[in-house]
Amino acid sequence: LPPPIGRMAAMGTAVVATFPLETQVDSASMNVPYAQPHEVGTFWTDTIQTVYGGHDGLRHLLPPNQWSWRHSSLLSGWKRSPPKANMDSSVSYILSALRHANRKLVPGETVTFRHNITKILVAPYNKRDEWRIEVNRKRGILFFDIRMTEEERRRFEETRNDRFTYVGYCFEHLATGGSAETPANPNVSFTSVVRTAIGSHGLVIGAEIDCLRAHAPPHPDLSDYVELKTSRVLDNPHIQESFNRNKLLNYWAQSFSVGVPRIVCGFRGDDLTLQAMQELGTLEIAQQIHPKYWNPRRCLAFLYDVIHGLWETTEEDGRYSMCFKRPFNAVVLTRSPDEKAFVEGEWLEGV
């Protein structure tokens with residue numbers, strides 16, 4: 001788990017660039033192309049080991065008719081489940097996956113975990129959550145590092161063994177063939193590393209993948225991946241409105257950015273039992289969402305503005321912080337001369 005940060009931007013820190021959220025919604029710049037992602041590496045990890053290559057650690061989604069999902073308790077095994085561990089999220093894992101697959105980085109690419117890309121994509125509609133991303137530029141590559149704000153760390157510590165947090169892990173466990181008698185383990189994950197581009201700027205993104213579709217072939221690709229989500233049943237207009245405005249935005253951003261084509265959402269009741277399931281197409285979400293909620297083109301245009309702006313304003317071997325805080329009207333890039341570089345030179349050997 002990354003260390004917490006203090007104030008989002010210390011007094012006297014030199015501002016390098018500001019990326020305002022007022023991206024023109026109806027201009028040609030809104031049609032920024034996003035290249036179809038393709039997989040260039042994988043790794044599987046738990047609290048003991050990391051294994052690179054292959055898909056052995058990825059489970060298959062059960063067809064709904066093969067498990068008695070309706071009214072299943074999403075708290076099965078909660079008291080016996082290990083708490084979410086402080087797992088390392090260093091970009092070194094992405095670089096090791098590339099090295100294992102004999103893939104090379106290309107100058108001008110940005111290397112990051114998906115969490116950071118999602119934060120930037122949804123920023124035009126985020127009026128609640130502050131965040132900070134550390135940025136290093138080394139050997140012609142931009143690297144993003146995940147950093148928790150104090151608020152994010154507080155929420156993590158408070159909820160990592162919370163029953164509502166466990167609900168999501170339990171749904172994944174049951175939906176992929178796990179027994180209700182066995183607790184879900186939140187500390188096992190499979191990560192796909194994909195290569196894509198926003199406009200002319202290449203991206204290499206590591207993303208945790210939940211499972212494969214039910215009848216995926218022995219050698220799957222991105223088209224076989226499935227994201228699993230949970231939400232409260234949509235039984236009143238207020239919850240439906242929040243689901244459309246917030247959850248669907250995050251579902252789309254997380255899946256679209258790495259080429260995952262489908263999302264299966266389990267809807268729970270107030271008693272935390274599974275009441276319904278629905279498959280959502282990632283592209284269909286963006287096509288069908290009403291523009292009063294959010295516009296996917298605006299999200300992509302802002303991601304392009306930030307990535308393009310970083311290449312325009314950062315320098316080789318530079319260390320920077322990218323911050324988003326109240327009043328949520330801009331992402332601000334500052335120098336971090338006192339911050340130790342998080343990318344080690346030896347990590348880049350062979351990639």
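Biologist: In this predicted model, does R213 count as buried, partly exposed or exposed?
Modeller: The predicted model gives R213 a relative accessibility of 29%. Buried requires a value under 20% and exposed one over 50%, so R213 falls in the class between them and counts as partly exposed.

Biologist: Which residue meets the side chain of R213 in a salt bridge, and at what N to O distance?
Modeller: The partner is D224, which at 4% relative accessibility counts as buried. The two side chains meet in a salt bridge, and this pair links distant parts of the chain, with R213 and D224 eleven residues apart in the loop between β9 (211–212) and β10 (225–232). The residue is therefore a buried one, and the name and N to O distance asked for are D224 and 2.6 Å.

Biologist: How far apart along the chain are E109 and R195?
Modeller: E109 forms a salt bridge with R195, and their closest N and O atoms are 2.7 Å apart. This pair links distant parts of the chain, since E109 lies in the loop between α1 (92–100) and β4 (110–113) while R195 belongs to strand β7 (residues 189–198). Both residues are buried, and their separation along the chain is 86 residues.

Biologist: Why are E241 and R245 separated by about one helical turn, and in which helix do they lie?
Modeller: E241 and R245 form a salt bridge in which the closest N and O atoms are 2.9 Å apart. E241, at 31% relative accessibility, counts as partly exposed, as does R245 at 33%. The separation is about one helical turn because the two residues are four apart in a helix, namely α5 (residues 237–256).

Biologist: How many disulfides does the model contain?
Modeller: The sulfur of C170, a buried residue with a relative accessible area of 0%, is 14 Å from the closest cysteine sulfur, that of C211, which is too far for a bond. C265 is likewise in no disulfide, with the nearest cysteine sulfur, again in C211, 13 Å away. A disulfide needs two cysteine sulfurs within 2.5 Å, and the count by that rule comes to zero.

Biologist: Which element gives the largest share of the largest nonpolar core?
Modeller: In soluble globular proteins, nonpolar side chains tend to be buried together. Here the largest nonpolar core has 61 residues, and those with the most contacts inside it are I120, W252 and M322. The largest share of this core is nine residues, and they come from α7.

Biologist: Which residue caps the N-terminal end of α7?
Modeller: Helix α7 has 18 residues and reaches 26 Å from its first C-alpha to its last, close to the 26 Å expected at 1.5 Å a residue. Its buried residues include P296, F302, V306 and L310. At the N-terminal end, a side-chain oxygen of the capping residue lies 2.9 Å from the backbone nitrogen of R297, and that capping residue is N295.

Biologist: Is L310 buried or exposed, and which residues does L310 contact once neighbours within four places in sequence are left aside?
Modeller: L310 lies in α7 (residues 296–313) and counts as buried because its relative accessibility is 0%. One of its contacts, M322, also touches I120, W131 and V306, among others. Leaving aside neighbours within four places in sequence, L310 is in contact with F19, R137, L142, F144, M322 and L333.

Definitions and conventions. Residues numbered from 1 in each chain as written. Predicted model: local features only at pLDDT ≥ 70, side-chain atom pairs only at ≥ 80, totals over all residues. Heavy atoms only, no water. Buried < 20%, exposed > 50% of the residue type's maximum accessible area, 1.4 Å probe, protein only. Contact = heavy atoms within 4.5 Å. Expected span 1.5 Å × (residues − 1). Polar contact = N/O pair within 3.5 Å; in protein donor to acceptor, adjacent residues only side chain to side chain. Core = buried A, V, L, I, M, F, W, Y, C linked by side-chain atoms within 4.5 Å. Salt bridge = Lys/Arg side-chain N within 4 Å of Asp/Glu carboxyl O.
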